[in-house]
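Colleague: May we go through this structure together, step by step?

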Amino acid sequence: MGLIITFEGKGSDIIEKRLMDWELIDDDGTASDTLVINLDAEGMTNIPESGRNFKVKLDGHYRGQFQIADAEEDYDPAVLTLTLTSGKFTVKDATRLREPKSRTFSNITLAGLVESVMLPHGYEVKVEAQLADIMLSHVSQEQEDDDEFISRIVERHDAISKPIDGLYIVATAGNTKALTGEPLAPIFIDHEEIVSARLTHPSKRVYEGVKANWTTAETGEGGEVEVGEAPFYLLRLGYKSEAEARERANAKLYSFKRKGQALNLDIQGRGDAFAESPLSIRKPKNKRFGAEWSSDTVTHRGDRETFKTTIKATRPKGK
């Protein structure tokens, strides 16, 4: 058999020749997709430098472009561990992406903010339509790198930001890959493919509303906002304005309404399984495992010729 995972790029022949095992994590969250590979380093004279790019395929399915971000080496046995991410990474960081900064932005849309911060780093920016025109009266970057700053701001709107294959995406959970222009094919799992499966039912303690407190430093004026209805969840942090408190409360309430049952699924290796893809189990023995799920995190682990796939999926409430 040939390699189950393949690389295209400068030095890919060395990686493929020395590959021992690997793990690929495809996440719908804010983190970049990550690939960790272990290489036989016995007699290796040169270590691939950080920032080198590779196009990666798993069992014939294109998984995206990854850059070497980190390298660690064990003495005996001699093993080189490379961590690759889908985000831009260079040791010199010429565009200062990872440099903490402090600055402010006023009267700007969310799309405008993301473009102002991320276009200088060479990303093509895409913001989901329902988020793009959100108006931000005043936001401050406070000794954060640019990615940390954008992640914090979009989280207020129950959205996530992440780099994907040269793009910088801002979208609600479950929609980031849809903005890349590549359609997400549904994943259909047959009973025979399942190694193990566990379904977690949501807590019966359900919040229908959220409260948040705010205090304006300049005047000392403050208060409490409520969104939704009882029973309420109280956000522990205090906020700087009534508008920010209401914004955070609405985002939290939306997240409560979105979360439902959770599924942990171990199956035989499926290179076509991607995070955010719809997932269905064909003719399940237990009907509660049926209907459609949303794949949140997909982890592939393997060696040179074989691999397994773990999928963490959720089903929104009411489905």
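**A hairpin, its sheet and a helix**

Modeller: In this predicted model, β14 and β15 form a hairpin. Between the two strands lie 6 residues, and glycine 220 in the turn has a positive phi of about 80°.

Colleague: In which sense do β14 and β15 pair, and over how many bridges?

Modeller: Strands of a sheet pair through backbone hydrogen bonds, and the pairing is either parallel or antiparallel. One pair of partners is asparagine 213 with glutamate 224 in β15. The sense of β14 and β15 is antiparallel, and the count of bridges is 7.

Colleague: Which residue in β16 stands opposite asparagine 213?

Modeller: Strand β14 covers residues 209-215. It runs parallel to β16, with 5 bridges joining the two. Opposite asparagine 213, in β16, stands glycine 238.

Colleague: What is the order of the strands in this open sheet?

Modeller: The sheet has 3 strands with mixed pairing. Its edge strands, each pairing on one side only, are β15 (222-228) and β16 (232-239). From one strand to the next, the twist averages 20°. The order is β15-β14-β16.

Colleague: Which residue caps the N-terminal end of helix α4?

Modeller: Helix α4 spans residues 146-155, and its buried residues include Phe149, Ile150 and Val154. The buried residues of α4 pack against several elements, among them β7 (101-109) and α2 (110-118). At the N-terminal end, a side-chain oxygen of the capping residue lies 3.1 Å from the backbone nitrogen of aspartate 147. That capping residue is aspartate 145.

How values were computed: Residues numbered from 1 in each chain as written. Predicted model: local features only at pLDDT ≥ 70, side-chain atom pairs only at ≥ 80, totals over all residues. Heavy atoms only, no water. Pairing = 2+ DSSP bridges. Helix = DSSP H or I, 4+ residues; strand = E, 2+ residues; numbered from the N terminus. Axes fitted to C-alpha atoms, helices over the stretch in contact; angles between N-to-C directions. Buried < 20%, exposed > 50% of the residue type's maximum accessible area, 1.4 Å probe, protein only. Contact = heavy atoms within 4.5 Å. Polar contact = N/O pair within 3.5 Å; in protein donor to acceptor, adjacent residues only side chain to side chain.
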